[in-house]
Amino acid sequence: MTQQFNGSFEGKVAFVTGAGSGIGRATAIAFARAGAAVTAVDLSQHGLEETARLIDAAGGKVLSVVCNVTDSKAIKAAVEKTVATFGSLDCAFNNAGIEQQVATLPEIEEDVWDRVLAVNLKSVYLCMKHQLNVMLKHGGGAIVNTSSGAGVMAIQGQSAYCASKFGVTAISKCAALEHAGKGIRINALCPGIIDTEMMSRFTGDTEEGRARVIAQEPVGRMGRPEEIANAVLWLCSEQAGFVTGHAMIMDGGQTAGI
């Protein structure tokens, strides 16, 4: 069992995208358990309902918002609803993302390319754009964006996904420099192979598929969503007060050789 983050976010407000499953759900629950009021954002109403149920069961406060993270007006409205409901916005985890099926660059259709870049990269830009406007008015905050091991190294057959995640790493660093003196810290988190619904789709949800990806992990297993959640909370906490503009790799040693 993964140990929970033991810090406190009492009186804080956290905004989590992709909160209907996987890493996003684990992080939304972790924030709630640590005392934060949580806005859980996802395109899936069913996924959000389950996340909200789990937060309620843990005694937390949650606002569920069904939202297309590639829609600027929808994101702006979700951020404004967060402030109207909870009074502020202190932490954000911009985590919504989709996978790319294995394909060489010439094989990738333009609509696939556009969708991967929109969901994985444009959404982070839109979220930060509206979150930062609020945080600047409220005197500071902390943002973590989900990049990937594919945001620091090239992977064959993953041109669109790598482009999107390298982009997340880059804009996180750029925005961190722009806001370092304004009380706002911004970091990217780069998970490796994590045992989520997305990974199940990528592997075909077969024992052979799981074994194939686990073989890429020097530690010999997939990561757990709760392990990533702990890192997000640490990066958003005062314990990480001197950390900004960083791309934290959590991949079981997968990229250690680059």
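Tutor: Buried means under 20% relative accessible area, exposed over 50%, and partly exposed in between (1.4 Å probe, protein chains only). The model is predicted, so local features need pLDDT of at least 70 and side-chain atom pairs 80 or more, while totals for chains, interfaces and linings use all residues. Residues are numbered from 1 along each chain, and side-chain values use heavy atoms, without hydrogens or water.

Student: How many of the eight residues of strand β6 are buried?

Tutor: Strands (E, at least two residues) and helices (H or I, at least four) are DSSP runs, numbered from the N terminus. Strand β6 covers residues 184–191. The strand is largely enclosed by the rest of the structure, because the number of its residues that are buried is eight of the eight.

Student: Which residues cover the two faces of β6?

Tutor: In a regular strand, side chains alternate between the two faces of the sheet. On one side of β6 the buried residues are Ile-184, Ile-186, Ala-188 and Cys-190. On the other side, the buried residues are Arg-185, Asn-187, Leu-189 and Pro-191.

Student: In which sense do β5 and β6 pair, parallel or antiparallel?

Tutor: Two strands pair if DSSP finds at least two bridges between them. Strand β5 (residues 141–146) and β6 are joined over six bridges, with Gly-141 standing opposite Ile-184. The sense of this pairing is parallel.

Student: Through which helix does the chain cross from β5 to β6?

Tutor: The chain leaves β5 and reaches β6 by way of a helix, forming a β-α-β crossover. The helix in between is α5.

Student: Which residue of β7 stands opposite Ala-188?

Tutor: Strand β7 (residues 247–250) pairs with β6 in the parallel sense over four bridges. Opposite Ala-188 of β6, the residue in β7 is Ala-247.

Student: Is Leu-177 buried or exposed?

Tutor: Leu-177 is found in helix α5. Its C-alpha atom is separated by 6.7 Å from that of Gly-245, although the two residues are 68 apart along the chain. With 73% relative accessibility, Leu-177 counts as exposed.

Student: How many salt bridges are there?

Tutor: Side chains of opposite charge can pair when their charged atoms come close. A salt bridge is counted when a side-chain nitrogen of Lys or Arg is within 4 Å of a carboxyl oxygen of Asp or Glu. By this rule the count is six.

Student: How far apart are the closest N and O atoms of Lys-76 and Glu-80?

Tutor: Lys-76 and Glu-80 both belong to helix α3 (residues 72–86), where they lie four residues apart, about one turn of the helix. Lys-76 is partly exposed, at 39% relative accessible area, and Glu-80 is partly exposed, at 43%. The two form a salt bridge, and the closest N and O atoms are separated by 2.5 Å.

Student: Which parts does the pair of Arg-210 and Asp-195 tie together?

Tutor: Arg-210 and Asp-195 form a salt bridge, with their closest N and O atoms 3.1 Å apart. Arg-210 counts as partly exposed at 22% relative accessibility, and Asp-195 is partly exposed at 33%. The pair ties together parts that are 15 residues apart in sequence, because its residues lie in helix α7 and in the loop between β6 and α6.

Student: Which residues are linked in a network of salt bridges?

Tutor: Arg-224 and Glu-227 form a salt bridge, with the closest N and O atoms 3.4 Å apart. Arg-224 is partly exposed at 35% relative accessibility, and Glu-227 is partly exposed at 22%. The linked residues are Arg-221, Arg-224 and Glu-227.

Definitions and conventions:
A crossover is right-handed if, with the strands pointing away from the viewer, the path from the first strand over the helix to the second runs clockwise.
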